[in-house]
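Work through these exercises with the model open. Try each task before you read its solution.

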Amino acid sequence: MLATWRCEASVNLGFSLEWPEPKSWRILHRTLRVRSPPERPLPRPRISIITPSYNHAQFIERTIESVLSQQGDFDLEYRVIDGASTDGTVEILKRYGDRLSWVSELDRGQVDAINKGLRLATGDIIGWVNSDDTLLPGTLAKVARVFEQNPSAEWLHGRCEIIDVNDRPVRRWISLYKHLRARRHSFENLLTENYVSQMTCFWRRSLHEHVGYIDPTLKLAFDYDLWLRFAQRGDPIYLDDRLACFRWYETSKSGANFRAQFAEDIAVATRYAPRGKPWVLWRKRIKSTGIVGTYKLMSRFRASARAAQGVTDPE
């Protein structure tokens, strides 16, 4: 009987070879082990954060620090797009050297500044944080991890904390309400009310390249319009984690214009409401009317409290 020389590939080849050898040879039995190449680590995601800014020297340093202090397995690109502020914002930006990219020049407002930043962004993942809002510690590491674990996901958002000018939590009931609504997401529910907190929302750059940039004709509900376009493509991932803080104060854009904002919300929802389902917009109007009514009552209570203290009502 002839001896054989045998070659086995133990990992990926899945076969063995045998052939006869001369009788004068020693019987050999050798195994060739082929090692798999070491797994290549996935490339670190690049996250681009944009901050539109105009005359927010009072808050912007807290915003910048909340972004630059983020740590994790990602690369950060941070851009501040300032609209030629005159209140010392530029001097603050200069102090950060090359830790961020910034420009300060006249623009056509917040939407123009955000779109400018989005077009400059080179990251795989995108988000924007207004110059009076902040990210919470660990947020970008969570965002990077979720996108890595869910390669088909195109956008996500999470819980938001509302804070005042001194960083103290306020309006916790609103934060809780939006959290409960976000957990029951559907496209029709999002049409009924906007429960996506803008500063907690992040998406793949390919998504806004597909659906387009922010609509410059909108002044207050432009983020809502963008979320509805995102939602037409697919559902977001919702993180049951606090990712960012929204700063509320009476002279802020949202605080001073909530009536106009909800009117624009209804106009935006009308763009995307499915035909044959008029009740979606009826629910939208009823919800918006109730929320505006609640905000009006709260505003009157604050005005009464200020009057009792001898403080002039800024409204």
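**Exercise 1.** Which residues does Trp227 touch, leaving out those up to four places away in sequence?

Solution. Contact means heavy atoms within 4.5 Å. Start with the aromatic partners: Trp227 touches Trp128, Trp155 and Trp203. Then add Leu190, Asn194, Val196, Gln198 and Cys201.

The model is predicted: local features need pLDDT of at least 70, side-chain atom pairs count only at pLDDT 80 or more, and totals for chains, interfaces and linings use all residues. Residues are numbered from 1 along each chain as its sequence is written, and side-chain values use heavy atoms, with hydrogens and water left out.

**Exercise 2.** Find the largest nonpolar core and name the residues with the most contacts inside it.

Solution. A nonpolar core is a set of buried Ala, Val, Leu, Ile, Met, Phe, Trp, Tyr and Cys residues joined through side-chain atoms within 4.5 Å. Buried means under 20% relative accessible area (1.4 Å probe, protein chains only). The largest core has 36 residues. Trp128, Trp155, Trp203 and Trp227 have the most contacts inside it. Next, list the elements that give two or more residues; among them are strand S6 (125–128) and helix H8 (222–233). Helices (H or I, at least four residues) and strands (E, at least two) are DSSP runs, numbered from the N terminus. H8 gives the most, with 7 residues. A second, separate core of 29 residues includes Phe74 and Tyr96.

**Exercise 3.** Place strand S8 (residues 155–163) among its partners.

Solution. Check burial: 8 of the 9 residues in S8 are buried. Strands pair if DSSP finds at least two bridges between them. S8 pairs with S9 (residues 202–204) in the antiparallel sense, over 2 bridges. Here Leu156 has Phe202 as its bridge partner. S8 pairs with S10 (residues 237–247) in the parallel sense, over 8 bridges. There Glu161 is bridged to Cys245.

Definitions and conventions:
Buried means under 20% relative accessible area, exposed over 50%, partly exposed in between (1.4 Å probe, protein chains only).
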